[in-house]
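Student: Could we go through a structure together, with the reasons behind the labels spelled out?
Tutor: Gladly, let's have a look.

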Amino acid sequence: MIHSGQQQRICILGSTGSIGVSTLDVISRNPDVSVYALTAHHNHQLMLTQCLAFSPRYAVMADEATAAELTRNLKLHGGTTEVLFGPQALCDVASSTDVTVVMAAIVGAAGLAPTLAAVEASKKILLANKEALVMSGQLFIEKVKQHKAVLLPIDSEHNAIFQALPFNEQTPCYEQALSQLGVSKILLTGSGGPFLERALSTLPDVTVQEAVAHPNWSMGQKISVDSATMMNKGLEFIEAKWMFNCQASDIEVIIHPQSIIHSMVQYRDGSVIAQMGNPDMRTPIAHALAFPKRIDAGVEPLDFSSLAQFSFCKPDYARYPNLQLAISACDIGQAATTIVNAANEIAVAAFLTGTIRFTDIYRINYETLNQIKLDEPTSLEQIIAIDAEARRVAEQRIKQGAN
């Protein structure tokens, strides 16, 4: 059940990332939300600033050394936040009885365990971590239903689809077939990233600086590279399959370079309902945080008189082979999507450190998917084992390519 109009106490998993920072900005404008816990990897400097501004009861860092540094600096500044560290502490704060809502914004597979802990504690989950559904979609959704948790999408595309669905059916949107709602297609939009018009022959020469320079959105490095390869759209495609209880054939990807329409729902009668707004993650965050009410997000509304262009096209899979690979994996099953996600994390990290070229990201992902036997997982332990094997194979492929 959605708890609206009540004081919400939030745990933000990944508070120093772009989603975490935007969430705290929305909270600063809305006193009905208090901060119970903040978590981060190693950025203790920004965590110190956040703790002094929002006075959470707990802050969780990745390791003991970083936690000790934060504790020392908090004491110097008179902060009262208790500092914890490690994976179990993430699960503990996310599932605390004092928490009503959890922002799941840890990038990558590391966010899966604490997000599942929050689900099992029947929390309201604001899901920005797409890997939870990419890696463990069926298991994750079954646990959401079993524990009567509430799952609300934060990715701008999924939040847009959520807003364009019939209101009474939005929650839970993962239980009813789209055809029963008169929906004929989900239209998942993507900007095409910074290389939409770049010559294909020059893509091997793309630099890290070019890849992370998204034309519309301000995001972290990993997700910016995923946007440049459109693997991000592929992962969103898989996420949409589980979030909206549909099949791959129910979803179509459309390139929309201006990022004004964040996605659309096409109905059987020919109607298409789109959600529009400036490309600012504070809008979906505010929408999910207050749902079904509306609160101030600090985002300027669209000025339609100044919009010069509004264009659409189909994705070119020669330009975006990672998108096609992710869609194919979605058709194959859970093992395939887990492998592609894990391989991509390793490949993107290697690109960011200059170990492989931009176009090698697809090669690593493709070769890893084709090297591992696809046994469908039935437990979280099996999913984690597949994830670990995919990372090992991807790292091996990168080393082989470097020799």
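Student: How do you know whether tyrosine 362 is buried, exposed or partly exposed?
Tutor: First, please keep in mind that this is a predicted model. Tyrosine 362 has a relative accessible area of 27%. Buried means under 20% and exposed means over 50%, so tyrosine 362 falls in between and is partly exposed.

Student: And what makes tyrosine 366 count as buried, exposed or partly exposed?
Tutor: The reasoning runs along similar lines. The relative accessibility of tyrosine 366 is 40%, and partly exposed covers the range between 20% and 50%, so tyrosine 366 counts as partly exposed.

Student: Why is the ring pair of tyrosine 362 and tyrosine 366 called stacked, edge-to-face or tilted?
Tutor: The ring centres of tyrosine 362 and tyrosine 366 are 5.8 Å apart, and rings pair if their centres lie within 6.5 Å. Their planes stand at 35°. Stacked needs under 30 degrees and edge-to-face needs over 60, so this pair is tilted. The two tyrosines are 4 residues apart in helix α14 (residues 360–371), which means about one helical turn separates them.

Student: How many aromatic pairs does the structure hold?
Tutor: There are 6 aromatic pairs. One of them joins phenylalanine 310 and phenylalanine 312, whose ring centres are 5.9 Å apart. Their planes are at 80°, and over 60 counts as edge-to-face, so that is the label for this pair. Phenylalanine 310 is partly exposed at 37% relative accessible area, and phenylalanine 312 is partly exposed at 40%. Elsewhere, ring pairs link Phe195, Phe351 and Phe358 into a cluster.

Student: What makes helix α5 largely enclosed by the rest of the structure?
Tutor: Helix α5 spans residues 112–120, and 7 of its 9 residues are buried, so the rest of the structure largely encloses this helix. The buried ones are Leu112, Pro114, Thr115, Leu116, Ala117, Ala118 and Val119. Helix α11 (residues 282–290) is largely enclosed too, because 8 of its 9 residues are buried. Among them are Arg282, Pro284 and His287.

Student: Why are α4 and α5 called roughly parallel?
Tutor: Helix α4 (residues 87–94) packs against α5 at an angle of about 25°, with the axes 8 Å apart. Angles under 35 degrees count as roughly parallel, so the label fits α4 and α5. Their crossing is right-handed. Leu90, Cys91 and Ala94 of α4 make the contact with Ala113, Pro114, Ala117 and Ala118 of α5.

Student: How do you know whether α6 is roughly parallel or antiparallel to α13?
Tutor: Helix α6 (residues 131–146) and α13 pack at about 155°, and their axes are 7 Å apart. Angles over 145 degrees count as roughly antiparallel, so α6 is roughly antiparallel to α13. The crossing of α6 and α13 is left-handed. Residues of α6 including Val134 and Gln138 meet residues of α13 including Thr337 and Glu345.

Student: What makes threonine 337 buried?
Tutor: Threonine 337, which is found in helix α13 (residues 334–352), has a relative accessible area of 3%. The limit for buried is under 20%, so threonine 337 is buried. Leaving aside residues up to four places away in sequence, threonine 337 touches Val134, Ile238, Ala329 and Cys330.

Methods
Residues numbered from 1 in each chain as written. Predicted model: local features only at pLDDT ≥ 70, side-chain atom pairs only at ≥ 80, totals over all residues. Heavy atoms only, no water. Buried < 20%, exposed > 50% of the residue type's maximum accessible area, 1.4 Å probe, protein only. Contact = heavy atoms within 4.5 Å. Axes fitted to C-alpha atoms, helices over the stretch in contact; angles between N-to-C directions. Parallel < 35°, antiparallel > 145°, perpendicular 65-115°, else oblique. Left-handed = near helix turned anticlockwise from the far one by under 90°.
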